[in-house]
Amino acid sequence: MTVGELLLRSAGRYPERVALDFMGRSWTYAALAREAMAAAQGFLNLGVTAGCRVGLFLPNTPHYPIAYYGALLAGATVVNFSPLYSPEEVAFQAKDSGTEIMVCLDLARLWAPMQRLLDDGQLKRLIVGSLTEVLPFTKGVGFRLFKRKERQELPNDGRLMRWDALLQPVQPRPLPKVDPAAIALLQYTGGTTGVPKGAALTHANLSANALQLAAVDPGDGKRTARVLGALPLFHIFANSAVLNRTILSGGSLYLLARFDAGEALATIARGRLTDLCGVPAMYQAMIDHKDVAKTSFASVQQCFSGGAAMTLALKDRFEKATGARVLEGYGLTETSGVVAVNPYEGETRAGTVGLALPGTEIRVSDPEKPDSDMPAGQPGEIQVRGPQVMIGYWRATEGSPEPLPGGWLRTGDAASRDAEGFLTIRDRYKDMIVSGAENIYPAELENVL
């Protein structure tokens with residue numbers, strides 16, 4: 001199905017269920033779908049056609065899911081930009097992707113890259129939102145009064161458009177029929193060599209990964225997940241495992257504009273959250289915070305960790321303090337997010353990233369002979385094939401790795417797999433140190449240090 005259908009289907013099933021919570025203000029599924037549809041109409045009125053690139057330069061505020069699903073319903077291709085990017089990084093990605101419309105906030109710290117795009121003539125339209133329009137009333141008033149210096153005074157430029165104007169289109173238009181095989185998302189990845197490359201992910205890639213994650217959740221359809229939305233939504237891990245999976249399953253997403261350990265703990269308690277998704281550094285920050293001892297984790301059922309290896313010491317410490325299991329997984333930008341995860345129930349193997357998701361094939365091959373698989377327990381290069389694997393790199397430059405014939409993606413990651421299929425990540429092959437004909441993984445040295 002298309003990514004927009006994930007939202008519309010849940011809105012039809014759970015119209016009055018809370019879809020988003022942002023600092024105490026909530027949106028039901030009906031309200032979120034209504035605003036996403038309004039955004040889609042707004043994009044169509046701006047001349048968006050199939051494949052037009054719409055950039056999102058946004059932190060985790062409600063603007064993001066509304067603009068994301070709205071652009072996709074309008075047939076556009078979303079391009080994620082990190083708010084941490086420098087003006088040079090934003091300029092390169094905007095030019096490489098052909099981004100014509102950008103959505104951002106009127107925050108001073110985010111404005112320099114937007115001003116550069118305007119000065120360079122890259123953008124046809126810049127849509128500017130404000131935190132005050134999505135905060136609860138009292139907090140919105142406080143932001144206006146006490147944080148004026150954080151807001152950017154907007155220039156007088158005809159290419160600028162306010163967020164509320166986007167959601168009030170002057171002429172309703174029929175939504176286009178979107179092909180699931182169309183590119184939904186250009187997700188840029190730096191890798192270890194060369195310039196960043198945009199992984200071209202289709203609607204089918206992204207919706208398949210959401211369905212795969214729901215399929216291995218034993219509680220899916222039997223509970224209403226309340227999910228911490230602290231991972232940045234512009235990152236593929238959060239896009240897949242936090243946003244799309246939650247919306248598909250009819251869960252409630254508790255957004256934090258940025259990760260703060262104290263605020264995350266307070267949100268876990270306030271919302272009685274059931275699912276946490278994060279990178280190891282986030283779990284470390286929460287467990288080290290002074291408020292962790294007085295925070296109830298009784299509602300937490302599942303914790304997911306990815307992006308980097310979690311030490312056994314941190315895993316044990318977090319699980320003992322909270323009583324919740326921490327499940328590690330593995331994925332890539334090129335695979336729409338996730339390809340393997342430890343089982344929710346039954347045996348998990350610490351230090352591994354678990355088993356392949358349904359419909360996903362994983363090979364551990366000889367890096368010199370990619371058609372030859374390594375024996376169990378022997379390290380090799382991970383290859384992945386499945387419905388979530390990208391169709392290729394956007395405007396791939398010469399020398400960029402491409403999926404192998406037959407749909408296999410060579411990841412460049414070194415791993416071993418035991419006889420039962422549990423995968424253990426070793427390192428990146430491109431980072432390998434060779435000494436005296438012996439392969440040395442930098443991660444081994446880092447662990448010793």
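In this predicted model, the residues Val3, Gly4, Leu7 and Leu8 of helix α1 are in contact with Tyr68, Tyr69, Leu72 and Leu73 of helix α3. By class, that contact of α1 with α3 comprises seven nonpolar residues, one polar residue and no charged residues. A second helix pair, α4 with α5, is described below alongside it, followed by helix α9 and by Ala215 in helix α8.

**Helices α1 and α3**

- Helix α1 covers residues 3-13 and helix α3 covers residues 63-73, and their axes come within 8 Å of each other while crossing at roughly 115 degrees.
- Because angles of 65 to 115 degrees count as roughly perpendicular, α1 is placed in that class relative to α3.
- The handedness of the crossing between α1 and α3 is left-handed.

**Helices α4 and α5**

- The axes of helix α4, which runs over residues 87-97, and of helix α5, which runs over residues 111-120, come within 8 Å and cross at roughly 45 degrees.
- The two helices α4 and α5 are therefore classed as oblique to each other, and α4 passes α5 in a crossing that is right-handed.
- On the α4 side the contact is made by Pro87, Glu88, Val90, Ala91 and Ala94, and on the α5 side by Ala112, Pro113, Met114, Arg116 and Leu117.
- Sorted by class, the residues of this contact of α4 with α5 are eight nonpolar, no polar and two charged.

**Helix α9 and the residue after it**

- Helix α9 spans residues 236-249, and because a rise of 1.5 Å a residue would give its 14 residues a span of 20 Å, the 18 Å between its end C-alpha atoms agrees with that expectation.
- Helix α9 is mostly covered, with 14 of its 14 residues buried.
- Gly250, just after α9, takes a positive phi of about 75 degrees.

**Ala215 in helix α8**

- Ala215 lies in helix α8, which is made up of residues 203-215.
- The relative accessibility of Ala215 is 55%, and Ala215 therefore counts as exposed, the cut-off for that class being over 50%.
- Between Ala215 and Thr335 there is a separation of 120 residues in sequence, and their C-alpha atoms are 17 Å apart in space.

Technical notes
Residues numbered from 1 in each chain as written. Predicted model: local features only at pLDDT ≥ 70, side-chain atom pairs only at ≥ 80, totals over all residues. Heavy atoms only, no water. Axes fitted to C-alpha atoms, helices over the stretch in contact; angles between N-to-C directions. Helix = DSSP H or I, 4+ residues; strand = E, 2+ residues; numbered from the N terminus. Parallel < 35°, antiparallel > 145°, perpendicular 65-115°, else oblique. Left-handed = near helix turned anticlockwise from the far one by under 90°. Contact = heavy atoms within 4.5 Å. Nonpolar A, V, L, I, M, F, W, Y, C, P; charged D, E, K, R; others polar. Expected span 1.5 Å × (residues − 1). Buried < 20%, exposed > 50% of the residue type's maximum accessible area, 1.4 Å probe, protein only.
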